[in-house]
Amino acid sequence: MAVLPRSTSAVTLPMVAAARRQDAWWVEPLIVVTVLTSFSIYAFWAAVQNANYYAAPYLSPFYSPCISASCAHQTLPIVGSWWSLSPAFLILWIPLGFRATCYYYRKAYYRSFFWSPPACAVPDAPKHYSGEMHFPFVIQNIHRYFFWLSLVILAFLWWDALLAFRFPTGIGIGLGTVVLIVNAALLTLYSLSCHSCRYLCGGYLDSFKGAPLPYRLWRLTNILNPRHPQFAWVSLFGVALADLYVRLVATGVILDPRIVF
């Protein structure tokens, strides 16, 4: 067995290992970059449109709750008509901030965009590691607050899903109703499987003695938490597809199949 000299730097070993890797380790980072970049571009485009986000009774999740007086469908008009930009900008910063500071997404985009590290036994691109103690990464510590705010948005999305049963001509169900319900359910699973949710449900306790309710909630989140990465990706696609469906119905590209009583 060859013995490396003592002068070998700490970076040499992972570089040698990376050179020996024959598998396509770069595929996963490439997929993450492609999906997150595509979603960001689509979300920004959808928000800038400021149109075709409501097809009665369906409201796009990118615009919910619609809190501007200029909304095509007002959920809670607390912002006056002075707001001339898209009402989506009043809301989207909350779910996007929740995802951007998510522990799993941080792992995903640190590895994929910053190559820190891109894969096991592959050297980091940054020469120095400062963690999340300096700007702008220190902002990641507000993730728990984005979690609380996202629960408010989630409540409105469920309200939108319930309103999706009420059509102009009566009560019924359409494909859009199912789309909004599935979207709200996926976002609920993503939120409840969050590490901050598990902590707030009882993870902060040193002992569960005398705290049966936090213990039950903590156990429930423990069941969901290992699947958090899967919920993160599926719900990301779900919310984009829900907006796209409402947009296609609003523009008349597709006809929403529905049964109204």
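**Group meeting: a buried serine, helix α9 and two salt bridges**

S191 is buried, with a relative accessible area of 4%. I should state at the outset that the model before you is predicted.

Let me begin with the surroundings of that serine. S191 belongs to helix α6, which covers residues 175-192. If we set aside the neighbours within four places in sequence, S191 is in contact with F98, F147, L151, L154 and C197.

I turn now to helix α9. This helix runs over residues 228-250 and has 23 residues. From its first C-alpha to its last, α9 reaches 33 Å, close to the 33 Å expected at 1.5 Å a residue. Just after α9 comes G252, which takes a positive phi of about 80 degrees.

How many salt bridges does a search of the whole structure find? The search finds two.

One of them joins R247 and D243, whose closest N and O atoms are 3.4 Å apart. Where do these two residues lie with respect to each other? Both are in helix α9, and because they are four residues apart there, about one helical turn separates R247 from D243. As for accessibility, R247 is buried, and D243 is buried as well.

The other salt bridge is formed by the side chains of D256 and R258, at 3.0 Å from N to O. Is D256 buried or exposed? D256 has a relative accessible area of 7% and is therefore buried, the cut-off for that term being under 20%. R258, with a relative accessible area of 36%, is partly exposed.

Terms used. Residues are numbered from 1 along each chain as its sequence is written. This is a predicted model: local features need pLDDT of at least 70, side-chain atom pairs count only at pLDDT 80 or more; totals for chains, interfaces and linings use all residues. Side-chain values use heavy atoms; hydrogens and water are left out. Buried means under 20% relative accessible area, exposed over 50%, partly exposed in between (1.4 Å probe, protein chains only). Contact means heavy atoms within 4.5 Å. The expected span of a helix is 1.5 Å times one less than its number of residues. A salt bridge is a side-chain nitrogen of Lys or Arg within 4 Å of a carboxyl oxygen of Asp or Glu.
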